[in-house]
Amino acid sequence: MEMLMVGVWALLALIPCPGATEELFEVSVWPDQALVKFGQSLMVNCSTTCPDPGPSGVESLLKKTQVGKGPQWKEFLLEDVTENSILQCFFSCAGIQKDTSLSITMYQPPEQVILELHPAWVAVDKVFTVKCYVPSVAPLENLTLTLLQGNQELHRKNFKSLAVASQRAEVAISVKAQREDDRCNFSCHAELDLSSRGGELFHVSSAIKVLRSFEFSQRPQIWVSPLLEVGMAETVSCEVARVFPAKEVMFHMFLGDQELSPFLSWEEDTAWANATVRAMETGDQELSCHVSLGPMDQKTRELVHVYSFPPPVLKIEELYPLAGTDINVTCAGHVLTSPSPTLWLQGAPDLPAPGEPAWLLLTTREEDDGRNFSCEASLEVQGQRFIKTTTIQLHVLYEPRLEESGCPGNQTWMEGTEQVLACIPKGNPTPLLVCTWNGEIFNLEVPQKATQNHTGIYCCTATNQLGSVSKDIALIVQGLDEGNSSTIFIIFIVALGVGVITIALYLNYRPCKMERRKLPYRQKEKYKEEESQFAV
């Protein structure tokens with residue numbers, strides 16, 4: 001009996017009651033998960049299993065448009081998705097309403113990754129900041145930012161705890177700079193992984209930034225003489241030590257407002273600049289040196305005194321006087337020298353009073369030709385003494401002379417040897433020497449092979465603009481075998497004969513006078529007017 005009752009109840013349970021179908025209906029939405037790029041649209045289909053559904057639709061904050069429908073479905077277009085959203089899809093069946101939801105995730109790939117180094121130039125052992133940010137990216141929980149130094153990872157950050165639709169993502173770290181960091185490349189890599197949501201993997205890198213590290217703690221030093229002379233080129237130097245990188249140090253040097261042109265050098269951790277300075281104004285002036293490296297700039301100054309000390313002025317009343325002329329020699333300080341220097345003139349009997357020139361009265365002699373006169377000026381500037389000297393050579397003009405020392409009256413040649421007639425005249429201007437023999441001009445420059453035919457009397461005449469002088473030279477050529485008495489006797493007889501003939505010719509013709517011949521007064525005055533040409 002009990003078994004019968006159980007069977008009856010089971011059959012009753014299988015017989016549907018009125019309205020049971022409606023209560024068992026389902027509502028579904030397609031797609032079951034939605035991943036939409038920022039600003040784009042999404043097509044959504046809402047459907048039900050109810051055979052005769054009643055009122056239905058979707059609820060969403062997004063802009064929606066119904067684009068299609070059927071007995072058991074409706075299709076909607078969601079436009080301009082700019083944020084995450086929840087869509088509700090509902091249907092009613094026999095007075096009963098059911099709904100289902102769709103989670104819409106908006107994503108925005110990282111299009112721009114920006115890296116910043118603060119500061120771009122950093123002193124060694126000082127801290128700099130590496131900062132990376134993405135202006136707009138979503139969803140943040142799927143984003144990872146990685147900071148790189150070269151190919152080495154410095155820091156990695158993810159944003160899993162920040163489930164915000166669209167916002168700025170940022171990461172920053174602080175690093176202590178070392179020398180080895182100079183010129184290192186820094187970059188930032190952004191990665192948005194949507195594979196868990198059925199999407200893609202996006203990755204973008206920033207532009208590379210180069211860090212500059214430096215050392216520049218010591219002040220530069222200037223090396224220059226405290227005294228500079230007007231118009232004179234002097235070398236000045238500016239140096240800075242314990243600087244890195246030394247080869248990139250820049251120098252700018254000035255004397256007052258005058259910018260110099262330095263030549264730069266460096267070695268290890270020292271850099272320096274050399275420049276040539278030429279001061280044009282007297283007085284105290286400032287020499288400055290500007291040294292810069294990256295953002296750092298240091299300046300040092302040095303005070304210098306500029307003085308004027310041109311060489312003293314040495315004047316000779318007449319540079320080309322005739323012998324026996326009285327001339328004045330003066331030694332004076334230059335007008336641009338301040339204060340007045342102390343003067344000394346070589347040969348002057350006394351030292352002049354301060355500010356007064358030194359002078360000397362001289363009667364010129366032939367021995368003064370080529371004499372150097374020296375004028376010395378001494379100037380004291382700020383405890384240092386400077387000396388400058390001016391020298392002038394005097395040229396004394398005098399008539400030609402044929403002295404025995406330079407032009408012997410008796411000369412002997414050895415037969416068969418190469419010989420030149422010895423006769424060097426004196427005089428200023430340098431005399432022109434002409435020697436004749438047997439009425440013909442004798443070549444004094446080309447050596448002659450001595451023969452007996454060269455024996456005789458030679459007449460030599462020296463001439464310059466002031467006059468002329470003549471002299472006879474007796475030349476004897478000796479044979480090589482003087483041990484043979486007969487030869488000596490023959491030579492003696494020949495010499496005696498030559499002597500007699502020479503005396504006879506001399507008494508009759510007088511070919512060469514011994515006395516000095518002077519030019520007439522008017523002709524001498526003419527040559528005196530031409531003296532200026534010798535000073536050129």
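**Exercise 1. In this predicted model, find which residues Ser237 is in contact with, beyond its neighbours within four places in sequence.**

Solution.
- Step 1. Set aside the neighbours within four places in sequence; Ser237 is then in contact with Gln221, Ile222, Trp223, Met253, Ala273 and Asn274.
- Step 2. Place the residue. Ser237 sits in strand β20, which covers residues 233-240.
- Step 3. Look at the side chains. That of Ser237 makes a polar contact with the side chain of Asn274, at 2.5 Å. So Asn274 appears both in the contact list and as a polar partner of Ser237, a pair that meets the 3.5 Å cut-off.

**Exercise 2. Decide whether Ser237 is buried or exposed.**

Solution.
- Step 1. Take the cut-off: buried means under 20% relative accessible area.
- Step 2. Compare. Ser237 has 17% relative accessibility, so Ser237 counts as buried.

**Exercise 3. Describe the surroundings of Ser60.**

Solution.
- Step 1. Locate the residue. Ser60 lies in the loop that joins β4 (56-59) and β5 (63-70).
- Step 2. Check burial. The relative accessible area of Ser60 is 16%, so Ser60 is buried.
- Step 3. List contacts beyond four places in sequence: Ser85, Ile86 and Leu87.
- Step 4. Compare sequence with space. Ser60 and Ser85 are 25 residues apart in sequence, and their C-alpha atoms are 7.5 Å apart.
- Step 5. Add the polar contact. The Ser60 side chain reaches the backbone nitrogen of Leu62 at 3.1 Å.

**Exercise 4. Find which members of the largest nonpolar core touch the most other members, and which strands supply the core.**

Solution.
- Step 1. The core has 28 residues. Phe128, Val130, Leu143, Leu145, Leu147, Ala169 and Phe186 touch the most other members.
- Step 2. Turn to the strands. At least two residues of this core come from each of β9 (114-118), β11 (127-137), β12 (143-149), β14 (167-176) and β15 (184-193).
- Step 3. Note the second core. Apart from the largest one lies another core, of 25 residues, including Val236, Leu260, Ala275 and Val306.
- Step 4. Trace Phe186. Leaving out residues up to four places away in sequence, Phe186 touches Leu115, Leu117, Phe128, Val130, Leu148, Gln149, Leu154, Ala207, Ile208, Lys209 and Leu211.
- Step 5. Recall the general trend: in soluble globular proteins, nonpolar side chains tend to be buried together.

**Exercise 5. Identify which residues form a nonpolar patch on the surface with Leu432.**

Solution.
- Step 1. The patch consists of Leu432, Val434 and Ile441. Together they have about 300 Å² of accessible area.
- Step 2. Leu432 belongs to strand β38, residues 432-437.
- Step 3. Exposed means over 50% relative accessible area. Leu432 has 59%, so Leu432 is exposed.

Notes:
Residues are numbered from 1 along each chain as its sequence is written. This is a predicted model: local features need pLDDT of at least 70, side-chain atom pairs count only at pLDDT 80 or more; totals for chains, interfaces and linings use all residues. Side-chain values use heavy atoms; hydrogens and water are left out. A nonpolar core is a set of buried Ala, Val, Leu, Ile, Met, Phe, Trp, Tyr and Cys residues joined through side-chain atoms within 4.5 Å. Buried means under 20% relative accessible area, exposed over 50%, partly exposed in between (1.4 Å probe, protein chains only). Helices (H or I, at least four residues) and strands (E, at least two) are DSSP runs, numbered from the N terminus. Contact means heavy atoms within 4.5 Å. A polar contact is a pair of N or O atoms within 3.5 Å; within protein, one must be able to donate a hydrogen and the other to accept it, and residues adjacent in sequence count only if both atoms are side-chain atoms. Patches are made of residues with over 30% relative accessible area and no salt bridge: like charges are joined within 9 Å, nonpolar side chains (Val, Leu, Ile, Met, Phe, Trp, Tyr) within 5 Å. Accessible areas come from the Shrake-Rupley method with a 1.4 Å probe; for residues, only the protein chains shown count as cover. A salt bridge is a side-chain nitrogen of Lys or Arg within 4 Å of a carboxyl oxygen of Asp or Glu.
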